[in-house]
Amino acid sequence: MRPRQDITEMFSTFVQLEKDKFGKWLSDRKLRRSIQNCLNSSPEVTNSENFWALYWHKHWQTQSHHLAKMHLVAYLQEPCYWTASKTVAKFTNSQHSLADYFQMANAEIETILKDFKAEKCSSLKAYAIMAMPSRLRDILRQRQEADLCTNWALLRKVSKKLLLEALSEAGLSLAAIAQYRLAWACFKELYVQKQPSGVDKLPEPTRQLWEAITDLYNRERFNQLTQSTKQCTSETIEKWLTQTALYVRAYLFPPVKSLNTFKQDDDTTITFDVPDPSSDSSIVDMIAEEDMATRQNQISQMFAELLNSLHSLDVKSQQVLKLYYQQGLTQQQIVQELQMSQPTISRKLVKGRESLLAALVKWSQSTLNIPVNSNQIKDMSILLEEWLRNQYGEHNMNHTR
């Protein structure tokens, strides 16, 4: 079991980056006192990090402790850093740095906490390690799509709820929000609905169309706005809608700034040396020893599920997979080996992998409560390929052609 000092550090310290790499751990005195008080007041409670993660997660859910979220943010610093490191290594041509990706990962902690179900997955950190990379890939994909959209395409896609949230986040008054919303509604009615769906590069509205939108706004303002407002010009409406698009982009994808702007002051923070998470030790070594058995058990369950699914395939499908992954034969070579048609070989490869992937998805949903979308399925497909190659890998290492 970990000493109490380690538990204290886990729930009160944050990664401090220096020159776009790990620098040191930064401790928050308020969080440090909070976790120490908990430990001192409950000497009979286990020092398991998983116990305290679930403890703070429950407080976060019920909003019964104002520091619960910050304790969990501190706790999930390693998955954030690991995810950022993997992402920056994968997207070498990206304009974003390690610090940028690290901030994006930290911003997703709220979603990770919402999606985590303690009754289905016993380890919050293990869940974050699996779910956070997919969340970050979703953000990058959505950001790219939004960047490709014109202002008008973005305003066509945005929902009323998100629009109002973006305007509120921008700090506009209720009266201004009402005006921007009405301008957007008039824009949607006269312009967006007349454009083809699925098109991101919508043409600029003509001056005649701006006038029509403005006329509609000036008529509707008497019925739609609670406060009396002046008649608008087309230039004002265009300016409002352009600004609205900027607000929406900023709300969806806040500007990336280095987390190293975290202010230090002698009264609130201290620093101390902790090993660099990017060192040779694996991420598994940075997770609590008491959770190792849980994680290993889950991994064993997953592999056992895949193995059972593999053995449940028909004999010919198993032969095809074995020849493909173990001996590295091409489909044409398998045709000659099994005396089957090439379409049949291809179909058995595809169907066999689909069957195994379906089993993996089902297991992940029921055991780990991982939300499944196209990106998660893509990740699982990659995991499946690695498992198949490892499953037959021992023979592969000694096989020569």
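Is the crossing of α2 and α3 left-handed or right-handed? I shall begin with that question and then move along the chain. The crossing of these two helices is right-handed. Please bear in mind throughout that the model before you is predicted.

Let me first give an overview. The protein chain holds 19 helices and three strands. It has 401 residues, of which 44% count as buried. If we take the contacts between residues at least 6 apart in sequence, 71% of them join residues at least 24 apart.

I now return to the opening pair. Two packed helices are described by the angle between their axes and the distance between the axes. Helix α2 covers residues 29-41, and helix α3 covers residues 49-62. Their packing angle is about 110 degrees, and their axes lie 13 Å apart. That angle makes α2 roughly perpendicular to α3. On the α2 side, the contact is made by S34, I35, C38 and L39. On the α3 side, W52, Y55 and W56 take part. Sorted by class, this contact has six nonpolar residues, one polar residue and no charged residues.

Helix α3 offers one further residue for attention, namely A53. Is A53 buried or exposed? A53 is buried, since its relative accessible area is 0%, and buried means a value under 20%. Leaving aside neighbours within four places in sequence, A53 is in contact with F11, L72, Y75 and L124. A53 may also be compared in position with S123: the two are 70 residues apart in sequence, yet their C-alpha atoms are 8.1 Å apart in space.

The next part of the presentation concerns helix α10, which comprises residues 160-169. Which residues of α10 are buried? They are L163, A166 and L167. Seen down the axis of α10, these buried residues fall within an arc of 95 degrees, and so they line one face of the helix. The face turned away from that buried side carries the exposed residues K161 and E169. The cover over the buried residues of α10 includes α11, residues 174-190, and α13, residues 234-252.

Another residue of α10 is E165. With a relative accessible area of 28%, E165 is partly exposed. The C-alpha atom of E165 is separated by 9.6 Å from that of Y247, although their positions lie 82 residues apart along the chain. Just after α10, G171 takes a positive phi of about 90 degrees.

Let us turn to the two helices that help to cover α10. How do α11 and α13 stand to one another, and at what angle do they cross? Their axes come within 10 Å and cross at roughly 100 degrees. This makes α11 roughly perpendicular to α13. From α11, the residues Q179, Y180, A183, W184 and F187 take part in the contact. They meet I237, W240, L241, Q243, T244 and Y247 in α13. By class, there are eight nonpolar and three polar residues in this contact, and no charged ones.

T244, in helix α13, links this pair with α10. T244 is buried, with a relative accessible area of 0%. Not counting residues up to four places away in sequence, T244 touches L155, L163, L167 and Y180. Among these, L163 and L167 belong to the buried residues of α10, while Y180 lies in α11.

Finally, I should like to point out two residues in loops. Most residues other than glycine have a negative phi. Where, then, is D20, and what is its phi? D20 is in the loop between β1, residues 13-17, and β2, residues 22-28. It has a positive phi of about 60 degrees although it is not a glycine. D20 is partly exposed, with a relative accessible area of 34%.

The second residue is Q339, in the loop between α16, residues 331-338, and α17, residues 342-368. The phi of Q339 is near 55 degrees, a positive value in a residue other than glycine. Q339 is exposed, with a relative accessible area of 68%.

To close, I would recall two points. The crossing of α2 and α3 is right-handed, and the buried residues of α10 line one face of that helix. Thank you for your attention.

Note on methods: Residues are numbered from 1 along each chain as its sequence is written. This is a predicted model: local features need pLDDT of at least 70, side-chain atom pairs count only at pLDDT 80 or more; totals for chains, interfaces and linings use all residues. Side-chain values use heavy atoms; hydrogens and water are left out. Buried means under 20% relative accessible area, exposed over 50%, partly exposed in between (1.4 Å probe, protein chains only). Helices (H or I, at least four residues) and strands (E, at least two) are DSSP runs, numbered from the N terminus. The arc is that of the directions from the helix axis to the C-beta atoms. Contact means heavy atoms within 4.5 Å. Axes are lines fitted to C-alpha atoms, for helices over the stretch in contact, and angles run from 0 to 180 degrees between N-to-C directions. Angles under 35 degrees count as roughly parallel, over 145 as roughly antiparallel, 65 to 115 as roughly perpendicular and the rest as oblique. A crossing is left-handed if the near helix is turned anticlockwise from the far one by less than a right angle, and right-handed if clockwise. Ala, Val, Leu, Ile, Met, Phe, Trp, Tyr, Cys and Pro count as nonpolar, Asp, Glu, Lys and Arg as charged, and the others, Gly among them, as polar.
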